[in-house]
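Work through the exercises below with the sequence and the model side by side. Try each task before reading its solution.

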Amino acid sequence: MDELDKRLINHLQDGFPICDAPYAKVAEQIGITEQILLQRLQALLDQGILSRFGPMYHAEQLGGALTLAAVKAPEERFEQIAEIINAFPEVAHNYAREHELNMWFVLATESPEQIGEVIEKIERQTGLQVYNMPKIKEYYVGLRFEA
């Protein structure tokens, strides 16, 4: 990753313009062409330096729902359980934790009622109890990484 990539990553974390040509606007702000910006961004995604570039939506305000869930996945079945859970399109991300509840994942659904339905399906397919930990209060954490 060179200095331009670092500058691009740092700049994109501070917001993305909402306009007819947002990539052109960002390119102008950092002094490159839109084509170079798009090529650099795609290369960062292709190389896995960035895992995702896209908007973050407030699901609840769109009528949907989010919840954090976890299971106690037996170590000998951990990969199998992860594959089952990750196959659900409602799973936003899934990760291992060093805890009795060793697999945590976020469910994002189009309606609040679907959270329970998806949890039931996961429980049926994995044979494990899913611990649902819905949000009680929202906090804003301004997470930013300096490239």
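**Exercise 1.** Find the element that holds Thr67, decide whether Thr67 is buried or exposed, and list its contacts.

*Solution.* Step one is to place the residue: Thr67 belongs to strand E1, where helices (H or I, at least four residues) and strands (E, at least two) are DSSP runs, numbered from the N terminus. This is a predicted model, in which local features need pLDDT of at least 70 and side-chain atom pairs count only at pLDDT 80 or more, while totals for chains, interfaces and linings use all residues. Residues are numbered from 1 along each chain as its sequence is written, and side-chain values use heavy atoms, with hydrogens and water left out.

Step two is accessibility: Thr67 has a relative accessibility of 5% and therefore counts as buried (buried means under 20% relative accessible area, exposed over 50%, and partly exposed in between, with a 1.4 Å probe and protein chains only).

Step three is the surroundings: leaving aside neighbours within four places in sequence, Thr67 is in contact (heavy atoms within 4.5 Å) with Phe105, Val106, Leu107, Ile115, Asn132, Met133 and Pro134. With Asn132 there is also a side-chain polar contact of 2.4 Å; a polar contact is a pair of N or O atoms within 3.5 Å, where within protein one must be able to donate a hydrogen and the other to accept it, and residues adjacent in sequence count only if both atoms are side-chain atoms.

**Exercise 2.** Describe the largest nonpolar core, and say which element gives the most to this core.

*Solution.* Begin with the term: a nonpolar core is a set of buried Ala, Val, Leu, Ile, Met, Phe, Trp, Tyr and Cys residues joined through side-chain atoms within 4.5 Å. The largest one has 20 residues, and Val71, Ile85, Met103, Phe105, Leu107 and Ile122 touch the most other members. Next, look at the elements: E1, helix H4 (78–86), E3 and H5 each give two or more residues to this core, and H4 gives the most, with five. Finally, take one member as an example: leaving aside neighbours within four places in sequence, Ile122 is in contact with Ile85, Phe88, Phe105, Leu107, Gly127 and Val130. A second, separate core has 12 residues, including Leu4, Ile30, Ile32 and Leu50.

**Exercise 3.** How many aromatic pairs does a search of the whole structure find, and which residues do ring pairs link into a cluster?

*Solution.* The search finds three aromatic pairs, where rings of Phe, Tyr and Trp (its six-membered ring) pair if their centres lie within 6.5 Å, and planes under 30 degrees apart count as stacked, over 60 as edge-to-face and the rest as tilted. Phe16 and Tyr23 have ring centres 5.1 Å apart and planes at 65°, so this pair is edge-to-face. Tyr23 and Phe53 have ring centres 6.4 Å apart and planes at 55°, so this pair is tilted. Because Tyr23 lies in helix H2 (residues 22–30) and Phe53 in the loop between helix H3 (34–46) and strand E1 (65–71), the pair ties together parts that are 30 residues apart in sequence. The ring pairs thus link Phe16, Tyr23 and Phe53 into a cluster. As for accessibility, Phe16 is partly exposed at 33%, Tyr23 is partly exposed at 27%, and Phe53 is partly exposed at 30%.
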